[in-house]
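Biologist: I am new to this structure. Could you take me through it, starting with the sheet?

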Amino acid sequence: MTQKIRVLVAKPGLDGHDRGAKVVASALRDAGMEVVYTGLRQTPEMIVEAAIQEDVDVVALSILSGAHMTIMPRVLELIRENDADHMLLTGGGIIPKSDMAKLEDLGVGKLFGPGTSTRDIIAYIQNEVTERRKLVDD
Amino acid sequence: MSTSLIERFQNGNRLALARVITLLENDATRRESLLSTLYPLSGQARRIGFTGPPGAGKSTLIDRIVRVFRLQNQTVGVVAVDPTSPFTGGALLGDRVRMQSSWDDPDVFTRSMADRTSTSGLSAATPDVITALDAYGKQVVIVETVGVGQSTLDIAEITDTTVVVLTPESGDSIQAMKAGLMEIADILVVNKDDRDGAGTFSADLRMVLEMRQNMGDWLPPVVRTSAQNGSGIDDLHARILEHQTHMNTSGQLEIRRLRQGRAAVTRAIDERVTNILSGVHEFESIMGALSKRVAGRDLTPMAAADIVLSKVGL
């Protein structure tokens, strides 16, 4: 089946800088994906609940506040608690390389820093979702 | 496999509901077998459509009205449709931004859908998704169409109560007298009631409604709301219930459900015919050649259609 890639784009935390999230959401849309945008000030619980109801392939978070080491593991934990492991958790923001490595060890997908080309993000999501869909069987 | 998905669905597992919706939207083969299971389970929910121009406040209003239904202990499913780009096939589904007050309520399930370039303000799979939410046990199913102007009529073919949401800026009485959106309204909402002109516009709408002939015995009420500050929401809720009681007692519900059944069969026939045609040997190149002749004014579209249909003996 030719299923559109569905991505949830959310911005956890309290700061209001959502330009990055909007740029990425628009780029994914223009790459033919269906992007569910939930906006600012989302808690990990809100994000995962929306991701489940929307049955997305990808949860993409924009984190600029420095809270990534708290938020990312919590979102991952909730995804797993809800048996939604097939979802790819990825994202971007101001995240030090060493933290990116730690998060990837936990099972978070690739994280993207400032200056990333949206083409790289699109290619990464397309490849990863194609691979993951081969494994999902319902 | 399929059985366990349906079992989990029937046990109220929301992941299973979410996956069933995905399959209904994307997988033509699974869709048929799923629907044959879901159809007999559905038909109980009250179906309410919200339509109206972009930015009228439909999402915010739905967010508010869901809370009222929840206070009455009704379980709610929401389907929110946003447009697909005809150029890229992508879509930005943003209705959830304004539908967050029930995020942690297990009895509210909200799903965003892209219209997949259908022009009806809904997607081809929207009726199926309503069926899924209904079969899942949602007592109220609310559908939000793509923001539309004057001619989206399909919503009235899949819901029992159609709420048309306008704002004081939506136009004067002449706009309101034009055919289309106004005629499908069971209830009219003038949202953003705090803005200038809300009173005049509401009065204009009432006048236009009262001038209409062959209305049957339901005169669509005009409800003034402000989704943002919450005024008028209880009134809107009461009007929705009133309309539903009217539908039940007047026999209109049965008539409308019959019409919906007919529309559903017509859609299924269209879909089958389209599938059969696209299976025609070298369909694309035939279409290409015919389109060229039609564009060159060498052939009428109807004659071209006949040529294609003759390939399958129609």
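Modeller: This is a predicted model. Six strands make up an open sheet with parallel pairing, in the order E5(A)-E4(A)-E3(A)-E1(A)-E2(A)-E3(B).

Biologist: Which strands stand at the edges of the sheet?

Modeller: An edge strand has a single partner strand, so one side of it is left without a neighbour in the sheet. That is the case for strand E3 (91-93) of chain B and for strand E5 (111-112) of chain A. The edges are therefore E5(A) and E3(B).

Biologist: What is the bridge partner of Glu34(A) in E3(B)?

Modeller: Strand E2 of chain A spans residues 34-42 and pairs with E3(B) in the parallel sense, over three bridges. In E3(B), the partner of Glu34(A) is Ala91(B).

Biologist: At what angle does helix H2 of chain A run to E1(A)?

Modeller: Helix H2 of chain A covers residues 44-53 and lies across E1 (6-12), E2 and E3 (58-63) of chain A. Its angle to E1(A) is about 170 degrees.

Biologist: How wide an arc do the buried residues of H3(A) cover around the axis?

Modeller: H3(A), residues 68-81, has 14 residues and reaches 19 Å from first C-alpha to last, close to the expected 20 Å. Its buried residues are His68(A), Ile71(A), Met72(A), Val75(A), Leu76(A), Leu78(A) and Ile79(A). They lie on the same side of H3(A), because the arc they cover is only 165 degrees.

Biologist: Which helices are included in what covers those buried residues?

Modeller: The cover includes strands E1, E3 and E4 (88-93) of chain A. The helices included, also of chain A, are H2 and H4 (97-106).

Notes
Residues are numbered from 1 along each chain as its sequence is written. Chains are lettered from A and ligands numbered from 1 in the order in which they are written. This is a predicted model: local features need pLDDT of at least 70, side-chain atom pairs count only at pLDDT 80 or more; totals for chains, interfaces and linings use all residues. Two strands pair if DSSP finds at least two bridges between them. Helices (H or I, at least four residues) and strands (E, at least two) are DSSP runs, numbered from the N terminus. Two residues are in contact if their C-beta atoms, placed from the backbone, lie within 7 Å. Axes are lines fitted to C-alpha atoms, for helices over the stretch in contact, and angles run from 0 to 180 degrees between N-to-C directions. The expected span of a helix is 1.5 Å times one less than its number of residues. A residue is buried if 20 or more other C-beta atoms lie within 10 Å of its own, exposed if 12 or fewer, and partly exposed in between; C-beta atoms are placed from the backbone. The arc is that of the directions from the helix axis to the C-beta atoms.
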